[in-house]
Amino acid sequence: MKHQSKNSSHIPNGLYEGKIVHISELSEEHTGRRCGCYCPVCGTRMLAKSINGKYTAHFAHEHNISECSLAAETGIHLKAKEIISENLSLLLPTLVVGASVTIGELEYSDSCYVVKQKRNFLFEEARIEEWRGSYRPDLVVMKGGRELLVEIKVTHEVDDEKRAKIKKDRISSLEINLSKIDRMSTPKDIQSAVEVIDNLSWVFHSKTGEAHEELKKNMLANANFYLEEQRQERDDRNKRNREAKAAREIERKKEKAL
Ligand SMILES: [Zn+2]
């Protein structure tokens, strides 16, 4: 693949007038300073290098900046946000809950109760990095007055503190894991990765609590039904045994009387 690069000073994306530009989108006349791009992290001017050249085309800081190590990852993060807010659609993964109930000495568990199947979600609006109380999700997407938070993992996953805040607010939140994609990924590669269901997971879903309770209720009802059936069978068996015994007793008495 032409865009793959192991060289950590190779940066695939630059910022041009607030938008992410991938090096593959530039032509030769944009070489060097003429690209007009800046680093998405430190804001330093960048040079477009090796466009149609011998080596992998890439951006590099005009002046070597050793401490700006996450420029590639930040570019992917910004581009993913841009893509999702422009597409106004997202794939939502299947929502699964689990529960266990104990009756007497028996424990029943179900870890894969499907609450909602995976589906494509079309929304009306996306807001980038808007504060929600004390935390700031990467994206908030909205439909009919309802909100879904979207977190994009490139280097950092949703930490425990943020996870706890999201749960407390009870707003559905989705994590898109892009940590495994190549650091030189093109916009097309990023778009494809956003559509891979295995890269998507629920941080929290507002229906989880309700679905969990419903599952538990059904499991308890099923377990009680099963236990009741067993008890009934046992009673029937005992009754049949008692009746057979009584019949034998009568037969014996009859034989004695003869
Ligand atoms: Zn930089």
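In this predicted model, Leu88 adopts a positive phi of about 55° just after α1. Helix α1 covers residues 71-87. Its 17 residues should span 24 Å at 1.5 Å a residue, and the end C-alpha atoms are 24 Å apart, so the expected and modelled lengths agree. The buried residues of α1 are Ala71, Ala72, Thr74, Gly75, Ile76, His77, Leu78, Lys79, Ala80 and Ile84. The list thus includes Lys79 and His77 alongside residues such as Ile76 and Leu78.

Two residues of this helix, Ala80 and Ile84, recur in the largest nonpolar core, which has 39 residues. Together with Cys37, Val141, Val150, Ile176 and Leu178, Ala80 and Ile84 have the most contacts inside that core. At least two core residues come from each of β2 (19-22), β3 (46-49), α1, β10 (139-143), β11 (146-153), β12 (173-177) and α3 (187-194). Helix α1 provides the largest share, six residues. Domain 1 (1-68) and domain 2 (86-212) each contribute at least three residues to this core. In soluble globular proteins, nonpolar side chains tend to be buried together.

The surroundings of Leu178 illustrate how the core is assembled. Apart from neighbours within four places in sequence, Leu178 is in contact with Ile76, Ala80, Ile152, Lys153, Val154, Ile190, Ala193 and Asn199. Of these partners, Ile76 and Ala80 are among the buried residues of α1.

At the level of the whole chain, the protein contains four helices and 13 strands. The radius of gyration is 31 Å, well over the 18 Å given by the globule rule for 258 residues, so the protein is more spread out than a compact globule. Along the principal axes, the C-alpha trace spans about 120 × 40 × 30 Å. Buried residues make up 24% of the 258. Among contacts with a separation of 6 or more, 59% are between residues 24 or more positions apart. The division into domains gives domain 1 (1-68) and domain 2 (86-212), and the centres of domain 1 and domain 2, taken over C-alpha atoms, are separated by 32 Å.

Within domain 1 (1-68), Ala48 is located in strand β3. Ala48 has 23 C-beta neighbours inside 10 Å and therefore counts as buried, the threshold being 20 or more. Not counting residues up to four places away in sequence, Ala48 touches Ile23, Leu26, His30, Thr31, Gly32, Cys35, Cys37 and Phe59. One of these partners, Cys37, is also listed among the residues with the most contacts in the largest core. Ala48 and Asn224 are 176 residues apart in sequence, and 70 Å lie between their C-alpha atoms. Pro12, in the segment before β1 (13-16), is buried, with 27 other C-beta atoms within 10 Å. The C-alpha atoms of Pro12 and Leu122 are separated by 29 Å, with the two residues 110 apart along the chain.

Positive phi values occur at further positions. Ser50, a residue other than glycine, has phi near 55° and belongs to the loop between β3 and β4 (58-61). Ser50 counts as partly exposed because it has 14 C-beta neighbours inside 10 Å. Arg170, likewise not a glycine, takes a positive phi of about 55° in the loop between α2 (160-169) and β12. With 13 C-beta neighbours inside 10 Å, Arg170 is classed as partly exposed. A glycine example is Gly104, whose positive phi is near 60° in the hairpin of β6 and β7, a hairpin with two residues between the strands.

Strands β6 (residues 95-103) and β7 (residues 106-116) pair in the antiparallel sense over eight bridges. Val96 has Val114 of β7 as its bridge partner. In a regular strand the side chains alternate between the two faces of the sheet.

The loop between α3 and β13 (200-204) contains Val196. Val196 has 14 C-beta neighbours inside 10 Å and so counts as partly exposed. Val196 and Asn177 are 19 residues apart in sequence, with a C-alpha to C-alpha distance of 9.6 Å.

Terms used: Residues numbered from 1 in each chain as written. Predicted model: local features only at pLDDT ≥ 70, side-chain atom pairs only at ≥ 80, totals over all residues. Rg over C-alpha atoms; globule rule 2.2 N^0.38 Å. Buried ≥ 20, exposed ≤ 12 C-beta atoms within 10 Å, placed from the backbone. Contact = placed C-beta atoms within 7 Å. Domains from an automatic or database assignment. Core = buried A, V, L, I, M, F, W, Y, C linked by C-beta atoms within 7 Å. Expected span 1.5 Å × (residues − 1). Pairing = 2+ DSSP bridges.
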